[in-house]
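Visitor: I would like a close look at a single part of this protein, the largest pocket, and then at what lies around the rest of the chain. Please take it slowly and keep to plain terms.

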Amino acid sequence: PGRLSESTIELSTAAIDLDGKPRGILRQTITLFPNPGSSTAPDLPAHLPLAPGRYVVQVSAKSDGRSGSAAVDIEVQNFDKAPLSASGLMLQRKPAPPIGDKAIAGLVPFLPTTVRQFHTEDNVGVFLRIYQGGKGRIVPVKMTAKVTNEQNKVTSTQEAMLEPESFSAARSADHEVTLPLAHLTPGEYL
């Protein structure tokens, strides 16, 4: 059998506003060393600072004469003004690898993963940050996390309360739940 060789992937990430103007471009390179026995996939964190607003984010990759791209519409919230808002959900594999990117370390307390397929023995957390904008009094926030299966049946519910003292001077509080993977049957979940 032939020996697998390393490959270098060039990534380009661009954020384009609704007027078609580029508002941020990030170029990265990752070198992969194949390991046929490994079940892990590489994650390459990226930080693209954007002002509040709507954007199309396009990620393009090329390697060994091949290329491809994907695009997604996003909205960057104005967390300072909205009375109650939340970040997007981020998944964390535990134990998490060290955060090697200072920009990412300044945003979240772990290295998020893009992996979306897990085994029952995996330890995976779901993280989000809640914001109470404006200048009014910080109030308690009831958190409910539900896991639903392919038939839209709730298979797990976790509830918690974020008390006012949980919120920082920036009027934000972190919330995390652990996915109940050991109690789920194989399938897709939301």
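**The largest pocket and its surroundings**

Guide: The largest pocket has 42 residues in its lining, and those nearest its centre are Ala46, His47, Leu48, Met90 and Ile104. Keep in mind that this is a predicted model. The volume of the largest pocket is about 1800 Å³. Two or more lining residues come from each of these elements: E1, E2, E3, E4, strand E6 (90–94) and E7. Strand E4 gives the largest share of the lining, six residues.

To place those names, start with the whole chain. The protein has one helix and ten strands. Read from the N terminus, its elements follow the order β-β-β-β-β-β-α-β-β-β-β. The C-alpha trace spans about 65 × 45 × 35 Å along its principal axes. Of the 190 residues in the protein, 28% are buried. If we take contacts between residues at least 6 apart in sequence, 57% of them join residues at least 24 apart.

Now to the strands that line the pocket. Strands E1, E2, E3 and E4 each give two or more residues to the lining. The four strands form an open sheet with antiparallel pairing, in the order E2-E1-E3-E4. Strand E2 (22–32) and strand E4 (66–76) are at the edges and have a single partner strand each, so one side of each has no neighbour in the sheet. From one strand to the next, the twist averages 15°.

One pairing in this sheet can be followed in detail. Strand E3, residues 53–63, runs antiparallel to E4, and eleven bridges join the two. One pair of residues shows how they match up: Val56 has Asp73 in E4 as its bridge partner.

Next comes a loop beside the sheet. Asp19 sits in the loop between strand E1 (7–17) and E2. Is Asp19 buried or exposed? Asp19 is exposed, because its relative accessibility is 65% and the cut-off for exposed is over 50%. Although Asp19 and Tyr55 are 36 residues apart in sequence, their C-alpha atoms are 9.3 Å apart in space.

Strand E6 also gives two or more residues to the lining. Further along the chain, the peptide bond from Lys94 to Pro95 is cis, with omega near -5°. Pro95 belongs to the loop between E6 and helix H1 (102–105).

Strand E7 is another contributor to the lining, and it leads to the nonpolar core. The largest nonpolar core has eight residues in all: Leu128, Ile130, Ile138, Val141, Met143, Leu162, Phe167 and Ala173. At least two residues of this core come from strand E7 (123–131), and at least two from strand E8 (141–148). Another core, of seven residues, lies apart from the largest one, and Leu91, Val124, Val126 and Leu184 are among its members.

Ile130 is a useful residue from which to look around the largest core. Setting aside neighbours within four places in sequence, Ile130 touches Leu84, Ser85, Ala86, Val141, Met143, Leu162, Phe167, Arg171, Ser172 and Ala173. Two of these partners, Arg171 and Ser172, deserve a closer look.

Arg171 is in the loop between E9 and strand E10 (172–178). Its phi is near 65°, which is a positive value in a residue other than glycine. Arg171 counts as buried because its relative accessibility is 19%, and the cut-off for buried is under 20%. Ser172 lies in strand E10. Ser172 is buried too, with a relative accessible area of 12%. Beyond neighbours within four places in sequence, Ser172 is in contact with Arg129, Ile130, Tyr131, Ser166 and Phe167.

Asn152 makes a useful comparison with Arg171. Asn152 also has a phi near 65°, a positive value in a residue other than glycine. Asn152 is found in the loop between E8 and strand E9 (154–162). Asn152 is exposed, with a relative accessible area of 60%, whereas Arg171 is buried.

To return to the starting point, the lining of the largest pocket draws on E1, E2, E3, E4, E6 and E7, with two or more residues from each. Among these, E7 also supplies at least two residues of the largest nonpolar core.

How values were computed. Residues are numbered from 1 along each chain as its sequence is written. This is a predicted model: local features need pLDDT of at least 70, side-chain atom pairs count only at pLDDT 80 or more; totals for chains, interfaces and linings use all residues. Side-chain values use heavy atoms; hydrogens and water are left out. A nonpolar core is a set of buried Ala, Val, Leu, Ile, Met, Phe, Trp, Tyr and Cys residues joined through side-chain atoms within 4.5 Å. Buried means under 20% relative accessible area, exposed over 50%, partly exposed in between (1.4 Å probe, protein chains only). Contact means heavy atoms within 4.5 Å. Two strands pair if DSSP finds at least two bridges between them. Axes are lines fitted to C-alpha atoms, for helices over the stretch in contact, and angles run from 0 to 180 degrees between N-to-C directions. On a 1 Å grid over the protein atoms alone, a cavity is a set of points where a 1.4 Å probe fits but cannot get out, and a pocket is an open set with protein on both sides within 12 Å along at least five of seven lines; lining residues have an atom within 4 Å of a point. Grid points are joined across faces, edges and corners, and a volume is the space filled by probe spheres set on the points.
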